[in-house]
Amino acid sequence: MSIQIGQSLPDIEIKAIVDGRIEPARTGALFADRKAVLFAVPGAFTPTCSEKHLPGYVQHHEAFRARGIAVYCLAVNDAYVMQAWASAQHVPPGLLLLADGNADFTRALGLERDGSAYGMGLRARRFALYAEDGVVRQLHVEAPGEFRVSGAEAMLAALGD
């Protein structure tokens, strides 16, 4: 069962890409005492993820910052892949990429999907959530093959003014 609105995000050890460096982090600390958007992609360097999903958040990062909202991108990839993807996508300082190499956080959220048919193994479903102090306030999960509700513009609209 996937995480629900009103529930606290799980506290899991993860790797974060911070200003181009790989750093250990805990999700509990990343989401504590702040407003945050977490969006997940099935994989770094994959077409929709690299052409639309992450670029939208890069483009609109300042709009989230202006609202006092941190932005995190999650993928079931190792930290070195996420580090290379952050560099290739010109991720701005403050937009953190989270490497969930063993899918521990993704599974704890209940938002994993089996990508074995595509040679990808276990991955995250495409989603975006908004949390305040680690508690989920909005959750937008895409249907398989879709990209409508988890992009930066959709999340800005869902958050309102």
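These are my notebook entries on one predicted model.

**Entry 1: the sheet**

I began with the strands. Seven of them form an open sheet, and I wrote down the order E2-E1-E5-E4-E3-E8-E9. The pairing is mixed. Which strands sit at the edges? I found E2 and E9 (135-141) there, each pairing on one side only. From one strand to the next, the twist averages 25 degrees.

**Entry 2: helices on the sheet**

Next I looked up what packs on the sheet. Helix H4, residues 79-88, does so. I listed its strand contacts as E1, E2, E4 (69-75) and E5 (95-99). The direction of H4 makes about 155 degrees with that of E5.

Then I turned to helix H6, residues 152-159. H6 lies across E3, E4, E8 and E9. Against E9, H6 runs at about 130 degrees.

**Entry 3: the E1-E2 hairpin**

I went to one end of the strand order. E1 and E2 run antiparallel and are joined by six bridges. Ala16 stands opposite Glu23 in E2. The two strands form a hairpin, with two residues between them. In the turn, Asp19 has a positive phi of about 50 degrees.

I also checked Gly20. Its place is in the loop between E1 (13-18) and E2 (21-26). Is Gly20 buried or exposed, or something in between? Gly20 counts as partly exposed because its relative accessible area is 43%, between the 20% and 50% cut-offs. I noted a long-range distance too. Gly20 and Glu153 are 133 residues apart in sequence, and their C-alpha atoms are 25 Å apart in space.

**Entry 4: E3, E8 and E9**

I moved to the other end of the order. E3 (residues 35-40) and E8 (residues 127-132) run antiparallel, joined by six bridges. Which residue in E8 is the bridge partner of Phe39? I found Ala128.

E8 is also joined to E9 by six bridges, and this pair runs antiparallel. Here Ala128 stands opposite His140 in E9. So I have Ala128 set against Phe39 in E3 and against His140 in E9.

E8 and E9 form a hairpin with two residues between them. I looked at Asp133, in the loop between these strands. Asp133 is not a glycine, yet its phi is positive, about 50 degrees. I reminded myself that most residues other than glycine have a negative phi. Asp133 is partly exposed, because its relative accessible area is 48%, under the 50% needed for exposed.

**Entry 5: Ala103**

I noted another positive phi at Ala103. The value is near 65 degrees, in a residue other than glycine. Ala103 lies in the loop between E5 and helix H5 (104-109). Why does Ala103 count as buried? Its relative accessibility is 1%, and buried means under 20%.

**Entry 6: helix H2**

I tested the length of H2, residues 47-59. At 1.5 Å a residue, its 13 residues should span 18 Å. The end C-alpha atoms are 17 Å apart, which agrees.

Which residues of H2 are buried? I listed Cys49, Ser50, His53, Leu54, Gly56 and Tyr57. Residues three or four places apart in an α-helix point the same way, because there are 3.6 residues a turn.

**Entry 7: His61 and Val81**

I picked His61 in helix H3 (residues 61-66). His61 counts as buried because its relative accessibility is 2%. What does His61 touch, not counting residues up to four places away in sequence? I wrote down Val71, Pro92, Pro93, Gly94 and Leu95.

Then I took Val81, in helix H4. Val81 is partly exposed, because its relative accessibility is 26%. Leaving aside neighbours within four places in sequence, Val81 is in contact with Ala44 and Phe45. Val81 and Phe45 are 36 residues apart along the chain. Their C-alpha atoms are separated by 8.7 Å.

**Entry 8: the largest pocket**

Last, I looked for empty space. The largest pocket has a volume of about 370 Å³. It is lined by 15 residues. Which of these are closest to its centre? I found Pro42, Arg113, Arg126, Pro144 and Gly145. H2 gives the most to the lining, with three residues.

Notes
Residues numbered from 1 in each chain as written. Predicted model: local features only at pLDDT ≥ 70, side-chain atom pairs only at ≥ 80, totals over all residues. Heavy atoms only, no water. Helix = DSSP H or I, 4+ residues; strand = E, 2+ residues; numbered from the N terminus. Buried < 20%, exposed > 50% of the residue type's maximum accessible area, 1.4 Å probe, protein only. Contact = heavy atoms within 4.5 Å. Expected span 1.5 Å × (residues − 1). Pairing = 2+ DSSP bridges. Axes fitted to C-alpha atoms, helices over the stretch in contact; angles between N-to-C directions. 1 Å grid on protein atoms, 1.4 Å probe; cavity = no way out; pocket = protein on both sides within 12 Å on 5 of 7 lines; lining within 4 Å. Points joined across faces, edges and corners; volume = space filled by probe spheres on them.
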